[in-house]
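Visitor: Hi! I'm new to this one and could use some help reading it. Could you show me the structure first?

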Amino acid sequence: MPRRTMIEAIRDAMDVSMGRDDKVVVFGEDVGFFGGVFRCTQGLQAKYGKSRCFDAPINESGIVGSAIGMAAYGLKPCVEIQFADYMYPAYDQLTQEAARLRYRSNGDFTCPIVVRMPTGGGIFGGQTHSQSPEALFTHVSGLKTVVPSNPHDAKGLLIAAIEDPDPVIFLEPKRLYNGPFDGHHDRPVTPWSKHELGEVADGHYTVPLGKAAIRRTGSDVTVLAYGTMVYVAEAAAEETGIDAEIIDLRTLLPLDLDTIVASVKKTGRCVVVHEATLTSGFGAELSALVQENCFYHLEAPVARVAGWDTPYPHAQEWDYFPGPARVGRALLETMQA
Amino acid sequence: MADAGMLRFHVPEPEVRPGGAPDFSNVTIAGAGSVPRPEISVDPRTIRDMAFSIIRVLNRNGEAVGPWAGLLSSDELLEGLRHMMTLRTFDARMQMAQRQGKTSFYMQHLGEEAVSCAFRKALAPGDMNFPTYRQAGLLIADGYPMVTMMNQIYSNEADPLKGRQLPIMYSSKEHGFFSISGNLATQYIQAVGWAMASAISNDSKIAAAWIGDGSTAESDFHSALVFASTYKAPVVLNVVNNQWAISTFQGIARGGSGTFAARGLGFGIPSLRVDGNDYLAVHAVAKWAAERARGNLGPTLVEYVTYRAGAHSSSDDPSAYRPKTESDAWPLGDPIVRLKNHLIGLGVWSDERHAQAEAEILDTVIAAQKEAESHGTLHAGGKPSTRDMFEGLYAEMPPHLRRQRQQAGV
């Protein structure tokens with residue numbers, strides 16, 4: 001099976017979708033001729049023409065707003081916001097319009113759009129190239145929120161998202177674009193070609209939305225993670241010797257609660273890890289759900305390891321990013337509690 | 001030389017406040033028939049002046065004059081008059097129903113009936129409007145059932161939107177009426193996207209975007225103009241300038257711009273200004289803009305100069321911020337009276353027939369209201385089920401919503 005980077009897998013997902021369905025259109029800033037600042041749409045304009053893949057003005061609300069109109073017409077737009085940090089001008093369109101169009105019109109109009117946005121830190125991106133705004137989407141009724149962690153999932157989830165009849169926020173951890181990253185910034189990064197999850201089948205396949213994947217089975221503690229934090233958790237388990245069960249949530253909403261609950265009931269302990277800031281982050285929802293559903297099985301408080309409640313700094317990158325040392329500490333503390 | 005002393009902060013003020021005498025002497029109005037009618041293929045640069053004038057057809061004597069006249073038969077005009085009268089009667093009954101506690105909220109179109117009623121007749125089947133909350137004439141003129149509109153207003157058991165939406169936030173794909181949102185201006189860019197999709201699909205349908213004077217200040221107005229200009233989208237960009245955004249006079253949104261139509265010029269979009277209380281002029285200009293869009297000539301911006309004669313909404317009291325008699329002083333008059341006089345002048349209408357039509361329309365609206373109320377009103381009778389609250393958010397209900405629905409006992 002061919003190995004691809006996450007960038008190539010995402011591009012392949014759009015290529016496959018555009019090839020199968022001429023209603024799929026792709027646009028965003030620098031997405032057309034140039035092929036995207038991260039190369040995710042390279043070659044699509046040449047292959048499908050400017051009507052199917054084109055450059056947009058620098059106007060996030062315009063990109064999402066026009067995509068909603070296109071979806072109401074009957075197309076399936078898959079649009080890009082260059083960085084998740086720049087989605088805020090489109091937040092009105094995403095939360096008040098895309099999320100609610102089906103509901104408020106009782107199905108008279110629907111909004112099958114995908115909004116791709118590179119997310120996450122660990123790249124010295126500073127305050128506006130590192131944010132993880134997923135909690136701002138999971139709080140919105142009517143949206144679906146997806147975060148892949150590897151090329152295989154990225155392709156399958158993106159095709160599923162494009163085919164989904166509802167609006168999907170597709171957050172791509174840019175730190176994982178070229179290879180997995182476990183937080184050890186002092187070590188060379190392994191490319192996806194060396195990783196089995198870099199195996200991406202040709203052609204059409206989907207990874208269903210709303211289904212988590214168990215990345216490492218274990219019996220001591222359940223780790224709930226997504227995106228880059230999946231590899232950080234794997235490193236932390238390895239380094240502490242704790243037999244952690246690591247769940248890659250893949251879709252945050254709708255959430256695969258069954259997989260989470262079955263695992264925590266088995267291990268009796270749970271650590272939630274994300275890059276986003278702690279307070280009111282998605283970890284709070286996960287923690288509450290685990291408490292509600294697994295209370296009599298819990299042998300320790302649910303722990304959360306997250307970004308600090310500050311804007312994402314530049315120089316202090318590795319003090320901010322929740323690396324394997326911090327996650328490892330939380331694992332040990334949870335085991336001792 | 002400019003005063004180099006202290007800076008002074010500028011806040012525009014309307015000419016008159018409550019207690020003062022209405023004054024529209026600052027409103028420059030071109031004579032009926034005085035503005036030329038260019039070919040739709042005109043070079044936009046050569047018609048920039050049209051963004052500062054006002055296209056008018058009906059003169060003071062009720063005669064249709066000039067190059068924009070003559071597009072509608074007297075039967076079509078009689079139908080248009082009936083649509084406007086129906087909308088006004090509908091408004092009055094629903095406003096009263098709100099006062100009677102049968103619904104929570106209503107917004108009238110008083111004085112603006114010509115804009116949406118006449119515009120609708122310039123579109124073709126399959127075209128899509130992206131309206132605000134003050135274009136119900138698009139539905140009336142397209143034959144959307146009044147009973148269904150009332151069911152929505154009453155949030156009753158027959159409400160097509162299952163009680164989820166605030167009154168008057170209608171939706172009808174079948175009638176080319178996009179789902180109304182409470183968030184202002186959002187639909188303006190969506191209309192452009194819909195038009196882009198039609199062009200991408202090599203279709204022949206066009207979109208119409210709608211916005212009020214106040215909401216042109218929203219960012220999505222700018223987004224829409226940029227996208228429409230960039231992609232030459234087949235869209236008519238309508239600005240209904242009724243002089244007021246709740247309590248805020250249009251100068252606050254317009255600032256130093258001469259007119260709202262002039263906003264389009266900076267985007268290279270041909271921009272016209274039209275007498276919004278002149279049914280014939282609204283229809284003629286709408287048709288011109290629609291033909292441009294359909295001819296792949298790109299977007300047109302149209303400013304309808306009108307006056308919001310009623311309160312902003314059933315929750316608003318305009319006497320707190322403008323003179324009570326201001327609407328009487330509005331120089332463009334009343335759209336129904338003007339079309340009525342024109343039709344009388346043509347010899348196809350009379351005061352007697354008008355009075356008779358008023359009575360018939362009132363009977364029709366009351367009959368529709370009775371039928372709607374048989375399905376319930378907001379606080380009495382049939383209502384949408386609690387289950388409807390959970391349905392329809394996603395194509396397929398996700399597990400967490402299923403759990404919540406069960407918790408709610410439905």
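Guide: Let's begin with a term: a polar contact is a pair of N or O atoms within 3.5 Å; within protein, one must be able to donate a hydrogen and the other to accept it, and residues adjacent in sequence count only if both atoms are side-chain atoms. This is a predicted model, where local features need pLDDT of at least 70 and side-chain atom pairs count only at pLDDT 80 or more, while totals for chains, interfaces and linings use all residues. Residues are numbered from 1 along each chain as its sequence is written, chains are lettered from A and ligands numbered from 1 in the order in which they are written, and side-chain values use heavy atoms, with hydrogens and water left out.

Visitor: How many residue pairs are in polar contact between chain A and chain B?

Guide: There are 24 such pairs, with both residues at pLDDT 80 or more. Salt bridges (a side-chain nitrogen of Lys or Arg within 4 Å of a carboxyl oxygen of Asp or Glu) number 0 between these chains.

Visitor: Which elements of chain A give two or more residues to the side that touches chain B?

Guide: Helices (H or I, at least four residues) and strands (E, at least two) are DSSP runs, numbered from the N terminus. Here the list is β2 (53–55), α3 (60–73), α4 (91–98) and α5 (101–104) of chain A. The top contributor is α3(A), with 10 residues.

Visitor: How much area do chain A and chain B bury between them?

Guide: Buried area is the accessible area (1.4 Å probe) that two parts lose on being put together, summed over both. For chain A and chain B that comes to about 3500 Å², 60% of it on carbon and sulfur atoms. On chain A's side, A:Y73, A:Y103 and A:R104 supply 23% of the area buried against chain B, more than any other three residues.

Visitor: Why is α4 of chain B described as largely enclosed?

Guide: "Buried" is under 20% relative accessible area, exposed over 50%, and partly exposed in between (1.4 Å probe, protein chains only). Helix α4 (residues 146–154) of chain B is largely enclosed by the rest of the structure because 8 of its 9 residues are buried. Those buried residues, including B:M146 and B:Y154, pack against α1 (74–99), α3 (137–140) and α12 (351–373) of chain B. Just after α4(B) comes B:S155, with a positive phi near 50 degrees.

Visitor: What ipTM and pTM does the predictor give the complex?

Guide: An ipTM of 0.97 and a pTM of 0.98.

Note on methods
Contact = heavy atoms within 4.5 Å.
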